[in-house]
Amino acid sequence: MQKTVEYEKLTPRDMDALWELQKKYKAEIGEDEPGEAEKARLAEAIAKGLISFYGARNGTDQIGCCSVTVGFSTFDYRSCGVFEDFYICPAYRHRGVARQLAAFAYRESGVGSLTVGCADCDVPMYRAIGFSVPLGNLLAYE
């Protein structure tokens, strides 16, 4: 039986589950599987607050993730975020999980604006989950 999907900011204790999603993400986009050195660098970046990950969980299973890296923009003199590392397990796609995870990451990160850079083929998907403001080759979250 499917439980209610919950959204949360991931912490270092979630690293193993996050790492499994990272490997699935890389495989799906045709990139090499990252190794232990990359895992250690990612864990260090999370611990230092250089990147934050947000997850979607169904019971005890991590079913999706994304990251937000925070910077500052003089466009509106507020913090800004870059949305990356977006992955939803195939069995949970087209169920609203992606839209809810993106909205949760935007709210929880506290940024004034959230942008994503993507391949042309991914633009419709990112628009569907809320990135609808065109900024040249970037899309901003409303």
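Me: Which residues are linked with E6 in a network of salt bridges?
Reply: E8 and R57 are. The model is a predicted one.

Me: What makes the pair E8 and R57 a salt bridge?
Reply: Their side chains meet at 3.0 Å, N to O. The cut-off is a Lys or Arg side-chain nitrogen within 4 Å of an Asp or Glu carboxyl oxygen, so the pair qualifies.

Me: Why does this pair tie together separate parts?
Reply: E8 lies in strand β1 and R57 in strand β2, so the tied parts are 49 residues apart in sequence.

Me: Why is E8 called buried?
Reply: Its relative accessible area is 15%. Buried means under 20%, so the word fits E8.

Me: And why is R57 called partly exposed?
Reply: R57 has a relative accessible area of 22%. Partly exposed lies between under 20% and over 50%, so R57 belongs there.

Me: How do you know that E20 and K23 meet in a salt bridge?
Reply: The N to O distance is 3.1 Å. The limit is within 4 Å, so the pair counts. E20 and K23 are three residues apart in helix α1, so about one helical turn separates them.

Me: What makes R93 and E28 a salt bridge?
Reply: Their side chains meet at 2.8 Å, N to O. That is within 4 Å, so the name holds. R93 sits in the loop between β4 and α3, and E28 in helix α1, 65 residues apart.

Me: How many salt bridges does the structure hold?
Reply: Nine.

Notes: Residues numbered from 1 in each chain as written. Predicted model: local features only at pLDDT ≥ 70, side-chain atom pairs only at ≥ 80, totals over all residues. Heavy atoms only, no water. Helix = DSSP H or I, 4+ residues; strand = E, 2+ residues; numbered from the N terminus. Buried < 20%, exposed > 50% of the residue type's maximum accessible area, 1.4 Å probe, protein only.
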